[in-house]
Amino acid sequence: MFATFCFEGLFTKMIVFEEGRRTLSGEVTFVFVPATEPEEAMLDRSTLSQKAAAPVVQHMRALFDYDPEDDFYMPCKELGLCFRRGDILHVISMTDENWWQAYRDGDENHHSLAGLVPSSSFQQQVILYNREMDRENGRLPCKEGDIFGCARKKTTMKGAKKGLGKNLSNDLKSKDEIVDSDQEILTYEDVSLYLSRSGRKRPIVLCGPEGVGSLELRQKLLESDKERFASAVPHTTRQKKVSEVDGVQFHFVSKARFQEDSKMGRFVEFGEFQKALYGTSISSIKNVIEKSKSCLLALKPESLKALRMTDLMPYVIFIAPPSLQQLRRQKEMLGQHSVRDDELKTIINQGKQVEMEFGHLFDTVIINVDLDRTLTELMQIVHRIETEPQWVPSYWVAGNNSLNGRTPK
């Protein structure tokens with residue numbers, strides 16, 4: 001008599017051969033025979049192996065416009081992927097050091113194939129080479145045509161609070177102007193999906209050229225729902241008036257304290273008006289967030305980069321000027337009938353310049369044709385920010401703040 005154990009996947013069978021008796025005695029011999037793996041198990045293992053080898057998708061926000069038809073270095077223009085600044089790219093392969101394989105966010109719904117895009121390192125090399133050629137030929141980098149990121153022109157800081165005036169000291173800079181580089185190279189930004197937590201509202205930043213209506217829109221938003229929106233209480237070195245309360249209208253501090261805070265990078269932006277210093281601090285913005293309200297800010301574009309380097313997670317909306325005729329009609333509706341055409345043209349030209357230089361820092365662009373219509377759009381955007389996941393820089397959502405509890409990497 002002998003018994004045989006057959007191992008088949010997760011199951012074990014024992015077959016006992018008896019020779020006519022229910023009770024046997026004597027030596028029992030076990031013979032172990034390897035079982036043949038069923039087809040289903042082989043298919044399961046093959047599927048698992050394929051899943052393990054699936055490429056990791058890298059999510060990138062494009063910081064420049066790209067058209068393969070205009071790219072001299074593109075090896076096959078038919079395979080190139082055209083994209084615009086601000087598009088989200090899902091990069092599925094980075095094995096080639098010069099060319100990545102990617103598709104635009106949303107294209108997967110149309111079963112679009114991945115295309116070739118320049119890698120970050122290759123794009124940087126192209127930019128540096130073009131700049132060197134410009135220097136050799138005596139040409140300076142052109143601010144009006146360089147879509148890859150060029151030297152920034154420093155601008156005079158404008159009033160961050162309504163009523164502070166238009167001319168501020170050039171000696172005081174926003175935090176961003178101190179840390180920024182004139183030769184920043186813009187390629188891609190690693191991004192992740194983030195869904196705002198109910199108790200932590202993202203600051204809403206309105207940015208635009210002076211005179212486009214950012215301050216008016218911020219005020220209208222504040223008045224529309226005071227339980228939902230609030231503004232950061234600014235710091236100042238001026239004397240407190242009798243009717244004012246410290247911490248309500250302003251945080252009143254000494255000049256030495258203000259200057260020390262500015263050196264330590266505690267202000268998003270600051271300036272001087274009538275010999276007094278004014279500034280918007282990071283702590284004041286956090287105070288609003290801790291109250292579960294949306295902090296509304298109207299900042300100059302030079303301050304945006306420094307704000308994005310904090311843990312505040314701002315959502316930046318660029319308020320763009322409309323056409324000359326629409327802008328004139330808007331001013332007339334506000335009772336400003338003496339605005340000259342050259343002043344209106346300055347607002348429009350400044351808007352184009354700001355969008356060109358700082359557009360990679362904007363989350364949304366709204367053309368302010370009509371204040372009421374723009375206000376409605378802003379309310380819709382705020383609702384989406386609070387209820388729908390948004391693409392944000394990956395370093396904002398390190399740990400378990402991202403939509404999936406981790407970054408896509």
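This section describes the nonpolar cores, a helix with its surroundings, a small sheet and two buried polar residues in a predicted model.

The largest nonpolar core comprises 23 residues, among which I204, L206, I317, I319 and L378 touch the most other members. Two or more residues of this core come from each of the strands β9 (204–207) and β16 (315–320) and from each of the helices α4 (214–224), α8 (324–333), α9 (341–358) and α10 (371–387). Helix α10 makes the greatest contribution, with six residues. When neighbours within four places in sequence are left aside, L378 is in contact with L206, L217, L221, I317 and I366. A second core, separate from that one, contains 22 residues, including A232, L299, L312 and F318. In soluble globular proteins, nonpolar side chains tend to be buried together.

Helix α2 spans residues 120–136, 17 residues in total, and extends 25 Å from its first C-alpha to its last, close to the 24 Å expected at 1.5 Å a residue. Within α2, the residues S120, F122, Q123, V126, I127, R131 and D134 are buried. An α-helix has 3.6 residues a turn, so residues three or four places apart point the same way. The cover over the buried residues of α2 includes the strands β6 (99–104), β7 (115–118) and β8 (188–194). After the helix comes G138, which has a positive phi, near 75°.

Strand β7, which forms part of the cover over α2, is itself covered on both faces: G115 and V117 are buried on one side, and L116 and P118 on the other. In a regular strand the side chains alternate between the two faces of the sheet. Strands β6 and β7 run antiparallel and are joined by four bridges. Across this pairing, Q101 stands opposite L116 of β7.

A separate description applies to an open sheet of four strands, arranged in the order β12-β11-β14-β13 with mixed pairing. Its edges are formed by β12 (251–252) and β13 (267–273), each of which pairs on one side only. The pairing between β11 (residues 235–236) and β12 is parallel and involves two bridges; H235 has H251 in β12 as its bridge partner. Helix α6 (residues 282–289) packs on this sheet and touches β11, β12, β13 and β14 (276–281), and the direction of α6 makes about 45° with that of β14.

Two buried residues with polar side-chain contacts were also examined. S394 is located in the segment that follows β18 (390–393). With a relative accessibility of 9%, S394 counts as buried, because the cut-off for burial is under 20%. The side chain of S394 forms a polar contact of 2.8 Å with the side chain of S192. A polar atom of the S394 side chain also lies 3.2 Å from the backbone oxygen of V191.

K331 belongs to helix α8, one of the elements that contribute to the largest core. The relative accessible area of K331 is 8%, and this residue is therefore buried. Apart from its neighbours within four places in sequence, K331 is in contact with G211, Q336, V339, L344 and I347. Of these residues, G211 is separated from K331 by 120 residues in sequence, whereas the C-alpha atoms of the two are 9.3 Å apart in space. The side chain of K331 reaches the backbone oxygen of G211 at 2.6 Å.

Methods: Residues numbered from 1 in each chain as written. Predicted model: local features only at pLDDT ≥ 70, side-chain atom pairs only at ≥ 80, totals over all residues. Heavy atoms only, no water. Core = buried A, V, L, I, M, F, W, Y, C linked by side-chain atoms within 4.5 Å. Buried < 20%, exposed > 50% of the residue type's maximum accessible area, 1.4 Å probe, protein only. Contact = heavy atoms within 4.5 Å. Expected span 1.5 Å × (residues − 1). Pairing = 2+ DSSP bridges. Axes fitted to C-alpha atoms, helices over the stretch in contact; angles between N-to-C directions. Polar contact = N/O pair within 3.5 Å; in protein donor to acceptor, adjacent residues only side chain to side chain.
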